[in-house]
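Trainee: I am new to this structure and would love a close look at one part of it. Could you walk me through it slowly?

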Amino acid sequence: MQWESFIGHKLQRKWFSNALKHHRLASTFLFVGPNGIGKRTFAYLVAKSLLCTETPDDELTCCNRCETCVQLEAQTHPDLIYLAKDEEKTRVTMDQIVNEQSGLCYELRIRPYSGRRKIAIIDDADTLESEQSNSLLKTLEEPPPGAIIFLIGTSEHLQLSTIRSRSQIVRFAPLHSAELAELLVSNNMANSLQEAAVLANNSHGSLELAKQFQDSSFNDFRNQFVARLMQRPMNFVGLCKFISDHVKNEVGDGQPRRNRLRWIFDETTAILRVALHQRVRASHASTASMSPFAFLDINTLTKLIELTIKAREDISRFIAPVAIIESWTAEFTNIAQA
Ligand SMILES: [Zn+2]
């Protein structure tokens, strides 16, 4: 991966460029934003720019040719430490952080192979529990000279205040539809820009979601879900069962299940936002093409959006998916039909 083919997040790129130019780079960064929009790749490219031996230290560029760049591309460079939760685990473990021979804190303390610096990327930072976060604090407080640590998560509110206060928080927004469409074409995930544009619009600015849409069973699910959400009168008992059955039977346990649930809430929020927009402009618009939700008042729509955003946040708090679905559908019905 190189900067030349990296799409989106121009502001963040400019910000890092400036920080490097003025030698004002923090030692810990917390990258937050939705999954599948390029935060990890961005951190990797910053690391590559800092370690590349052929480009100036105060420029956010890398040559992609030197031995360091080649090793980084092959993920074999000893000065870049990448840590993520194991696939079969739900969290990053203590051992991954504090193991005396292979843990992150140990690896960071070893003298850099290149003599320059060590860089760590901690993915899945949302899954760090207090114990794990606390074990990182000393390293964040007194990092080895030149060391830089990137924590990658979805929200700063999922981190302890002690982690937040020691990190420079960088927020990443979903990709614009046009950017995601470009990315889909360059990754051969769409045959034409037109096909890519449709896929991008449905994917809430996330490449990860676009990948799910390529699966036809997901597409079927989406169509049925939207139809049930729009059904009048609302049948939220049926909707609750439909979602619960789907996440229980069709999606793997753990992360995939939580991601699918996140998509359901994002899709609902998007539909409600369209309705809110239509409601605000109702006096000028034809009612024929309006969402059934657009007939609710603005206050009710706002409450439904807030409820759905809160339900989405509960997913990261490791509340059981079934409990989240049940309480969301019950409250949704109450508010929508009050
Ligand atoms: Zn290089």
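At what angle do the axes of helix α13 and helix α14 cross, and within what distance do they come?

Mentor: Happy to help! A word on the source: this is a predicted model, in which local features need pLDDT of at least 70 and side-chain atom pairs count only at pLDDT 80 or more, while totals for chains, interfaces and linings use all residues. Residues are numbered from 1 along each chain as its sequence is written.

Now to your pair. Helix α13 covers residues 255–280 and helix α14 covers residues 298–316; their axes cross at roughly 165 degrees and come within 9 Å. Helices here are DSSP runs (H or I, at least four residues), strands are E runs of at least two, and both are numbered from the N terminus. Axes are lines fitted to C-alpha atoms, for helices over the stretch in contact, with angles from 0 to 180 degrees between N-to-C directions. That crossing angle makes α13 roughly antiparallel to α14, a label for angles over 145 degrees. The contact draws on residues of α13 including Leu-261, Phe-265, Leu-272 and Leu-276, and on residues of α14 including Leu-301, Ile-305, Ile-309 and Arg-312. Two residues are in contact if their C-beta atoms, placed from the backbone, lie within 7 Å. By class, this contact has 13 nonpolar, 3 polar and 5 charged residues. Here Ala, Val, Leu, Ile, Met, Phe, Trp, Tyr, Cys and Pro count as nonpolar, Asp, Glu, Lys and Arg as charged, and the others, Gly among them, as polar.

Follow α14 onward and you meet another partner. Helix α15 (residues 321–337) packs against α14 at an angle of about 175 degrees, with the axes 10 Å apart. These helices are therefore roughly antiparallel to each other as well. On the α14 side, Leu-304, Leu-307 and Ala-311 are among the residues that make the contact, and on the α15 side Trp-328, Phe-332 and Ile-335 are among them. The contact of α14 with α15 has 9 nonpolar, 1 polar and 3 charged residues. Leu-304 and Ala-311 of α14 also take part in the contact with α13.

To place this in the whole, the protein has 15 helices and 5 strands. Along its principal axes, the C-alpha trace spans about 65 × 45 × 35 Å. Buried residues, those with 20 or more other C-beta atoms (placed from the backbone) within 10 Å of their own, make up 35% of the 338 residues. Among contacts between residues at least 6 apart in sequence, 69% join residues at least 24 apart.

Terms used. Parallel < 35°, antiparallel > 145°, perpendicular 65-115°, else oblique. Buried ≥ 20, exposed ≤ 12 C-beta atoms within 10 Å, placed from the backbone.
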